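Work through the following exercises with the sequence and the model side by side. Each one sets a task and then solves it in steps.

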Amino acid sequence: MTINEKIVILSTMNKKLNPAEQIINRFGGQSSLAALIGRRQSTVQHWANTGIIPSQWQQKLLKLAREKGIDLKASEFVTHDVPAIAPAKGKLGVLLVGLGAVSSTFVAGVEHVRRGTGRPFGSVTQLATIRLGKRTEKNTPLIKDFVPLADLKQLVFGAWDPIPDNAYEAAVKCGVLNKEEHIEPIAAFLKGIKPMPAVFDPGYCSRIKGTNVKKATTKFRLAAAVQEDIRNFKAANKCDRLVMIWCASTEKFTRVAPVHKNLDTFIKGLKENDPNIAPSQIYAYAAIQEGIPFANGAPGLTIDIPVLIKLAEEKNVPIMGKDFKSGQTMVKTVIAPMLKARMLGLDGWFSTNILGNRDGEVLDEPANFKTKEESKLGALEFILQPDMYPELYGKVNHKVRIEYYPPRGDNKEGWDNIDIFGWLGKRMQIKINFLCSDSTLAAPLVLDLVLFMDLARRAGLSGIQEWLSFYFKSPQHAASLYPEHDLFIQQTKLKNTLRWLMGEEQITHLGMEYYREE
């Protein structure tokens with residue numbers, strides 16, 4: 001044995017072991033414990049490095065210690081900063097605000113997947129894998145096999161909509177799905193999903209003529225009625241847990257007002273019918289008060305107001321938003337990072353869309369288009385950081401247009417003209433023509449958010465869930481931060497959060513360990 005080897009051994013002996021290392025050593029070390037629990041050594045190594053054994057492993061190790069005659073007490077564990085994830089038992093109620101194209105396409109798709117007559121293409125929770133440990137270990141389970149998500153068979157659907165059509169009628173009218181192939185085979189199921197009367201204010205969505213609406217003297221009573229609907233739905237369907245997601249139309253553009261400051265001002269505003277309280281805010285308030293996670297799939301001012309952010313934190317309720325990132329903006333948050341990564345300059349980006357569904361009709365109203373425009377415009381500035389790179393992105397001319405064109409229906413067409421410049425200022429262009437089905441792209445996002453919202457709730461997470469920014473055009477974030485729009489950074493954040501929840505090592509993609517001698 002060389003003197004250097006002796007020094008290494010003595011150094012290890014003299015090192016004060018952290019609590020995780022002390023426990024690991026009682027099982028014979030990292031490789032021995034990894035073999036006993038059927039995990040890779042890198043997992044146990046991660047526990048040793050962080051000094052924390054995740055709470056979901058503690059009872060298992062206590063049981064294993066008893067079986068092996070090892071002296072180990074619960075008090076010896078350092079508590080993980082994320083609580084143990086409660087099991088996904090029983091029924092999960094999915095409450096959809098809006099039963100139009102997105103929601104009807106979503107519920108029909110889930111039912112086909114459950115029956116084995118369709119595949120959940122576009123769903124990260126159902127089809128994507130997640131890498132664990134080193135690349136050389138080739139350990140990439142499906143996300144749904146890695147984290148304890150609810151099974152699709154556990155989902156039960158409810159909805160509100162100012163239009164009385166049931167899910168069958170909505171699906172037929174929207175024209176997203178093939179009537180004979182996708183709708184008629186599950187007609188009875190779809191007809192069973194009937195919308196509850198909605199909280200509706202034509203001042204926020206003037207192009208919709210709602211007849212299936214709640215009547216009340218105050219917005220406070222409307223909120224109470226939504227809470228009663230929630231309780232009744234949960235009881236009638238014997239649900240163990242619920243989530244709520246806004247899939248309704250875009251509301252008119254508004255800003256944070258004094259009524260949104262705190263719970264006292266908000267409740268006062270509800271009782272006095274303050275015009276600054278939107279229907280979406282009433283739904284979000286009701287959901288949070290009932291302890292139900294809420295996601296905002298539209299760009300309106302909903303849960304991103306001070307009172308509801310604070311209330312969600314106090315009630316330990318996960319919230320997230322806003323505006324599903326499903327079409328043109330998804331493409332934009334892929335192309336813009338590419339330009340920035342290669343330090344290619346940008347003169348201008350002109351985006352236009354034509355669509356003919358209900359969303360397009362609503363956005364034909366200038367006040368509602370303003371809401372969507374704000375959501376679509378924000379991504380480029382935050383990705384390109386013109387203050388940091390003024391020579392490249394300081395004078396970008398960015399325009400967004402949306403045109404309502406009824407013949408196109410849900411089949412949206414997005415055009416992008418991108419004027420860029422490179423070496424020595426040489427001007428070039430990128431042109432994109434994206435022909436897509438808006439609701440077909442949004443439906444799997446709804447499914448993923450439903451399952452991840454429920455996971456977050458069972459994991460004890462509360463308040464803003466920035467790790468789900470992957471799904472939104474205008475991701476909600478802490479006030480002290482800027483939003484992260486880059487799709488691939490968002491994806492990394494999502495997957496690393498799942499690894500963190502399960503006590504797995506984070507993936508940094510450094511990779512130096514592959515090139516160093518053992």
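**Exercise 1. Find the residue of S5 that stands opposite Ala-295, and place the pair in its sheet.**

Ala-295 has Met-320 of S5 opposite it. The strands concerned are S4 (residues 294-296) and S5 (residues 318-321), which pair in the parallel sense over three bridges; helices (H or I, at least four residues) and strands (E, at least two) are DSSP runs numbered from the N terminus, and two strands pair if DSSP finds at least two bridges between them. Strands of a sheet pair through backbone hydrogen bonds, either parallel or antiparallel. Here S4 and S5 belong to an open sheet of six strands, in the order S2-S1-S3-S4-S5-S10 and with parallel pairing. The edges of this sheet are S2 and S10 (463-464), each of which pairs on one side only.

The model is predicted, so local features need pLDDT of at least 70 and side-chain atom pairs count only at pLDDT 80 or more, while totals for chains, interfaces and linings use all residues. Residues are numbered from 1 along each chain as its sequence is written, and side-chain values use heavy atoms, with hydrogens and water left out.

**Exercise 2. Decide whether the edge strand S2 is buried or exposed, and identify the partner of Val-94 in S2.**

Begin with the pairing: S1 (residues 91-97) runs parallel to S2 and is joined to S2 by six bridges, and among these contacts the bridge partner of Val-94 is Phe-157. Next, consider the two faces of S2, where Leu-155, Phe-157 and Ala-159 point one way and Val-156, Gly-158 and Trp-160 the other way, all of them buried; buried means under 20% relative accessible area, exposed over 50%, and partly exposed in between (1.4 Å probe, protein chains only). Since six of the six residues of S2 (residues 155-160) are buried, the strand is largely enclosed by the rest of the structure.

**Exercise 3. Which residues form salt bridges with Asp-454?**

A salt bridge is a side-chain nitrogen of Lys or Arg within 4 Å of a carboxyl oxygen of Asp or Glu, and by this rule the model has 18 salt bridges. One partner of Asp-454 is Arg-241, at 2.6 Å from N to O. Because Asp-454 lies in helix H20 (residues 438-458) and Arg-241 in strand S3 (residues 239-246), the pair ties together parts that are 213 residues apart in sequence. Another partner is Arg-458, at 3.0 Å from N to O, which is four residues from Asp-454 in H20, so that about one helical turn separates them. As for exposure, Asp-454 is buried with a relative accessible area of 2%, Arg-458 is buried at 6%, and Arg-241 is buried too.

For contrast, Lys-179 and Glu-184 also meet in a salt bridge (2.6 Å, N to O), but Lys-179 is partly exposed at 35% relative accessibility, as is Glu-184 at 28%.

**Exercise 4. Describe the lining of the largest cavity.**

Among the 46 lining residues, Cys-247, Ala-248, Ser-249, Thr-250 and Asp-359 are the closest to the centre of the largest cavity. Elements that give two or more residues to the lining include helix H6 (101-115), helix H14 (279-289) and H20. By class, the lining divides into 25 nonpolar, nine polar and 12 charged residues, where Ala, Val, Leu, Ile, Met, Phe, Trp, Tyr, Cys and Pro count as nonpolar, Asp, Glu, Lys and Arg as charged, and the others, Gly among them, as polar. A cavity is a set of points on a 1 Å grid over the protein atoms alone where a 1.4 Å probe fits but cannot get out, and lining residues have an atom within 4 Å of a point.

Technical notes: 1 Å grid on protein atoms, 1.4 Å probe; cavity = no way out; pocket = protein on both sides within 12 Å on 5 of 7 lines; lining within 4 Å.
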